[in-house]
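This report goes through one structural model. The sequence and the structure come first, and the description follows.

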Amino acid sequence: MKVAHSPLHARHDGGKELHRGELVPCFEMPVRADYILAAVRRAGLEVLEPRPFPLESLLRVHDAGFVEFLRTAHAEWRAAGKAGFMLPSGFPARALRRDHIPSGINGKMGYYAFDASTPIVEGTWDAALAAAHCALTAAAWVAEGDKSAYALCRPPGHHAARSVYGGYCFLNNAALAAQHLRDQGFGRVAVLDVDYHHGNGTQDIFWERSDVLFVSIHATPETEYPYFLGYADERGEGAGEGYTRNFPLPRGSTWKEYDTALGAALDVVGGFAPDALVVSLGVDTYEGDPISAFKLATEHFPLMGRRLAGLKVPTVFVQEGGYAVEEIGTNVAGVLEGFLG
Ligand code: SP5
Ligand code: ZN
């Protein structure tokens with residue numbers, strides 16, 4: 001299994017996030033990728049730089065105005081006389097909805113963001129674009145015949161919707177990988193999201209489509225981020241009705257409950273008979289994660305990988321969350337090694 005990794009990820013650094021009423025150092029930090037890189041190298045996987053892709057590749061799943069905002073946001077912030085990380089402080093919540101994009105940078109930022117925990121710094125665009133290229137490269141390897149590939153994406157992507165960023169995510173790497181596989185002739189593509197948090201962005205992108213199945217196992221949004229999506233009754237709309245499936249679990253869930261939900265999710269994926277699979281691989285389900293409340297132990301991640309291999313479908317793994325930084329590499333490599341058998 002080849003690994004796509006770019007050192008440009010480190011350009012996304014230096015911000016703070018709003019967490020429980022305080023600005024704290026970001027949980028989503030560059031050293032995460034360093035630990036993963038070391039672990040996949042220890043596992044003997046070959047690490048390669050991503051290929052470049054035209055900017056238009058992003059527009060297969062994202063809105064053009066949104067992409068342009070991300071590309072130019074920090075320069076506009078600096079032009080307005082500001083320095084350092086940028087966070088929004090006002091959003092078009094229900095009572096303010098009229099779908100107008102303000103010209104000023106603060107209003108524009110609030111328009112495109114959905115939380116105040118996803119700072120943009122000067123290097124964010126370079127890092128997010130490199131992560132997108134890692135996902136597209138891993139998908140390209142699989143399209144060219146590899147049985148599996150791993151995109152070591154940072155920043156992560158599954159919270160990023162067609163035209164909204166948040167949850168430490170800017171560009172939806174997994175959605176880009178899935179769309180690339182579709183564009184390369186894979187007729188049916190399934191996305192299985194095993195991150196602790198619901199993949200609201202991926203769900204948004206494929207909500208009305210029947211060619212890409214979205215299945216997510218995550219902590220209940222009643223108490224857990226992203227709060228407003230990820231309930232079991234969300235199943236897609238229009239042509240996409242029945243092609244989104246959510247498996248929320250309570251806080252405190254252990255491998256026993258998780259494995260049961262994974263079995264149900266894999267039944268749905270298997271019933272779809274996909275030509276390719278994209279796994280949104282967050283390991284914030286780990287018991288030591290600082291912002292999450294599942295109880296998976298390190299020994300359970302290889303078991304997860306083994307179960308995924310049972311689908312016997314070409315598979316692209318895309319890195320999402322995981323904030324217990326010293327264990328993140330071991331847990332990610334555990335899934336990949338379990339998958340390889
Ligand atoms: C990609 C990804 O995993 N994004 C996660 C974004 C979560 N951001 C907000 C988390 C709020 C956590 N609050 C619970 C604190 C428990 N100590
Ligand atoms: Zn997460």
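The text below covers the main sheet, the helices, a hairpin, the backbone details and the ligand site.

**The sheet**

The model is a predicted one. Its open sheet holds eight strands, which pair in parallel and follow the order S4-S1-S5-S10-S9-S6-S7-S8. At the edges lie strand S4 (46-48) and strand S8 (244-249), each of which pairs on one side only. On average, neighbouring strands of this sheet are turned by 20° against each other, with direction ignored.

One pairing can be followed in detail. Strand S6 (residues 189-193) runs parallel to strand S9 (residues 276-281), and five bridges connect them. Within this pairing, Val-189 has Ala-276 in S9 as its bridge partner.

**The helices**

Helix H1 (residues 31-42) lies across four strands: strand S1 (2-4), S4, strand S5 (148-151) and strand S10 (315-319). Its direction is at about 135° to S4. Helix H7 (residues 255-272) lies across S6, strand S7 (212-219), S8 and S9, and runs at about 175° to S7.

Helix H4 (residues 124-143) contains 20 residues. From its first C-alpha to its last, H4 reaches 28 Å, close to the 28 Å expected at 1.5 Å a residue. Is H4 largely enclosed by the rest of the structure, or open? Of its 20 residues, 19 are buried, so H4 is largely enclosed by the rest of the structure. A residue counts as buried here if 20 or more other C-beta atoms lie within 10 Å of its own. After H4 comes Gly-145, which has a positive phi near 125°.

**The hairpin**

Strands S2 (16-19) and S3 (22-25) are antiparallel and joined by four bridges. Glu-17 is placed opposite Val-24 in S3. The two strands form a hairpin with two residues between them, and Arg-20 sits in the turn.

**Backbone details**

Two residues other than glycine with a positive phi, and two cis peptide bonds, are listed here.

| Site | Backbone value | Location |
|---|---|---|
| Arg-20 | phi near 50° | loop between S2 and S3 |
| Asp-99 | phi near 55° | loop between helix H2 (64-79) and helix H3 (105-112) |
| Arg-154 to Pro-155 | cis, omega near 0° | Pro-155 in the loop between S5 and helix H5 (173-183) |
| Tyr-225 to Pro-226 | cis, omega near 5° | Pro-226 in the loop between S7 and S8 |

Are Arg-20 and Asp-99 buried or exposed? Arg-20 has 5 other C-beta atoms within 10 Å and is therefore exposed. Asp-99 has 6 C-beta neighbours inside 10 Å, so Asp-99 is exposed as well. The cut-off behind both calls is 12 or fewer other C-beta atoms within 10 Å.

**The ligand site**

Which residues come nearest to ligand 1? Of the 14 residues around this ligand, they are Pro-156, Gly-167, Tyr-225, Ile-291 and Gly-321. By class, the shell is made up of five nonpolar, six polar and three charged residues. Tyr-225, one of the nearest residues, also begins the cis peptide bond to Pro-226.

Conventions:
Residues are numbered from 1 along each chain as its sequence is written. Chains are lettered from A and ligands numbered from 1 in the order in which they are written. This is a predicted model: local features need pLDDT of at least 70, side-chain atom pairs count only at pLDDT 80 or more; totals for chains, interfaces and linings use all residues. A residue is near a molecule or strand if its C-beta atom, placed from the backbone, lies within 6 Å of it. Ala, Val, Leu, Ile, Met, Phe, Trp, Tyr, Cys and Pro count as nonpolar, Asp, Glu, Lys and Arg as charged, and the others, Gly among them, as polar. Two strands pair if DSSP finds at least two bridges between them. Axes are lines fitted to C-alpha atoms, for helices over the stretch in contact, and angles run from 0 to 180 degrees between N-to-C directions. Two residues are in contact if their C-beta atoms, placed from the backbone, lie within 7 Å. The expected span of a helix is 1.5 Å times one less than its number of residues.
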